[in-house]
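Here are my notes on this model, point by point. Please read them with the structure open.

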Amino acid sequence: LKRALAKSDRELAQAARALSAARHEAAGKLSDAIRDSVRSMELPSAEFRIVLTPSARNQEGADAVQYEFSSTGKNLTDVSKCASGGEMSRIMLALKSIMARYANMPAMIFDEIDTGVSGSVADKMGSVICSMGRFMQVFAITHLPQVAAKGSAHYAVTKTVKDGRTVSEIKRLSDDQRVLEIARMLSGAVLSDAAVANAKALLSDSQSLSNVME
């Protein structure tokens, strides 16, 4: 038993060393890829760094992994302590967009990953989500029209009360219904002509982007 335990310990140590070497080799490339993606979402000076330090060996290897971030490029700090909600959304989207290309995942669901952003940032995040569709099936749950307009299909989820029960329903929208839904997201309950025109423009721009990516 002692010999078997010693043999297993040697094999575990060897596996931990191999894992650590692979992590060190990938850390710089992954840091740069996340940094470049985050910068494309209107954080032009952002820096992102993966820091590996030795740790007690456990089931995850013999490294402690820390993710450091700075929106200004200075004084990088643990991302969990310094990133705002909008910055965290962009970092998570950047990481997941890389996973979409290399992790061979068949599908990904985003549940309001665009929280904390709006305007042109939302538009850029929508473009990143749209680009992921080249590698996998993507579902994005969103309240932002800039993101909703990017999808190749649009589903509306509604809740109603029927006979005292709350019922959730999902329905794929036609092209005309989609224009009205995007307009509602832009203007609220009362649809204005300007909102409808804006919705048509958003959908037209998004269709052009999809055609370029295809």
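1. Start with the surface. Ile109, Phe139 and Ile141 make up a nonpolar patch there, and together they have about 310 Å² of accessible area. Phe139 belongs to strand 5 (residues 137–141). Its relative accessible area is 44%, so Phe139 is classed as partly exposed. Keep in mind throughout that this is a predicted model.

2. Now the interior. The largest nonpolar core has 31 residues. Val38, Phe69, Ile91, Leu93, Phe110, Ile129 and Met132 touch the most other members. Helix 1, strand 1, helix 3, strand 4 and helix 4 each give two or more residues to this core. Helix 4 gives the most, with 6 residues. Another core lies apart from this one. That other core has 11 residues, including Val179, Met185, Ala195 and Leu202.

3. Helix 3 deserves a check of its geometry. The helix runs over residues 85–102, which is 18 residues. At 1.5 Å a residue, the expected span is 26 Å. The end C-alpha atoms are 26 Å apart, so the model agrees with the expectation.

4. Which residues of helix 3 are buried? They are Gly86, Glu87, Ser89, Arg90, Ile91, Leu93, Ala94, Ser97, Ile98 and Ala100. Polar and charged residues are on that list, among them Glu87 and Arg90. The buried residues of helix 3 pack against several elements: helix 1, strand 1, strand 2, helix 2 (79–82), strand 4 (107–111) and helix 4. Two residues from the helix 3 list, Ile91 and Leu93, also appear among the core members that touch the most others.

5. Look at the backbone where helix 3 ends. Just after the helix, Asn104 takes a positive phi of about 55°. Asn104 is not a glycine. The residue sits in the loop between helix 3 and strand 4. With a relative accessible area of 70%, Asn104 is exposed.

6. Asn75 is a second case to inspect. What is its phi? The angle is positive, about 55°, although Asn75 is not a glycine. Asn75 is in the loop between strand 2 and strand 3 (77–78). Asn75 has 70% relative accessibility and therefore counts as exposed.

7. Salt bridges come next. The count is 11. One of them joins the side chains of Lys7 and Glu11, with N to O at 2.6 Å. Why can these two meet? Lys7 and Glu11 are 4 residues apart in helix 1 (residues 2–39), so about one helical turn separates them. An α-helix has 3.6 residues a turn, so residues three or four places apart point the same way. Both partners are partly exposed: Lys7 has a relative accessible area of 45%, and Glu11 has 42%.

8. Other bridges reach across the chain. Lys124 and Glu42 meet in a salt bridge of 3.1 Å, N to O. This pair links distant parts of the chain, 82 residues apart. Lys124 is in helix 4 (residues 119–132), and Glu42 is in the loop between helix 1 and strand 1 (47–58). Lys124 is partly exposed at 31% relative accessibility. Glu42 is also partly exposed, at 34%.

9. Glu68 and Arg49 form a further salt bridge, with their closest N and O atoms 2.6 Å apart. Here too the pair links distant parts of the chain: Glu68 lies in strand 2 (residues 61–70) and Arg49 in strand 1, 19 residues apart. Is each partner buried or partly exposed? Glu68 is buried, at 11% relative accessibility. Arg49 is partly exposed, at 40%. Elsewhere, salt bridges with shared partners join Asp32, Arg35 and Asp36 into one network.

10. Last, Gln146. This residue lies in helix 5 (residues 145–148). Its relative accessible area is 16%, so Gln146 is buried. What does Gln146 contact, leaving aside neighbours within four places in sequence? The partners are Gly119, Ala122 and Asp123. Gln146 and Leu186 are 40 residues apart in sequence, while their C-alpha atoms are 9.2 Å apart in space.

Technical notes:
Residues numbered from 1 in each chain as written. Predicted model: local features only at pLDDT ≥ 70, side-chain atom pairs only at ≥ 80, totals over all residues. Heavy atoms only, no water. Salt bridge = Lys/Arg side-chain N within 4 Å of Asp/Glu carboxyl O. Buried < 20%, exposed > 50% of the residue type's maximum accessible area, 1.4 Å probe, protein only. Expected span 1.5 Å × (residues − 1). Contact = heavy atoms within 4.5 Å. Patch = residues over 30% accessible without salt bridge, like charges linked within 9 Å, V, L, I, M, F, W, Y side chains within 5 Å. Areas by Shrake-Rupley, 256 points an atom, 1.4 Å probe, with all protein chains shown as cover. Core = buried A, V, L, I, M, F, W, Y, C linked by side-chain atoms within 4.5 Å.
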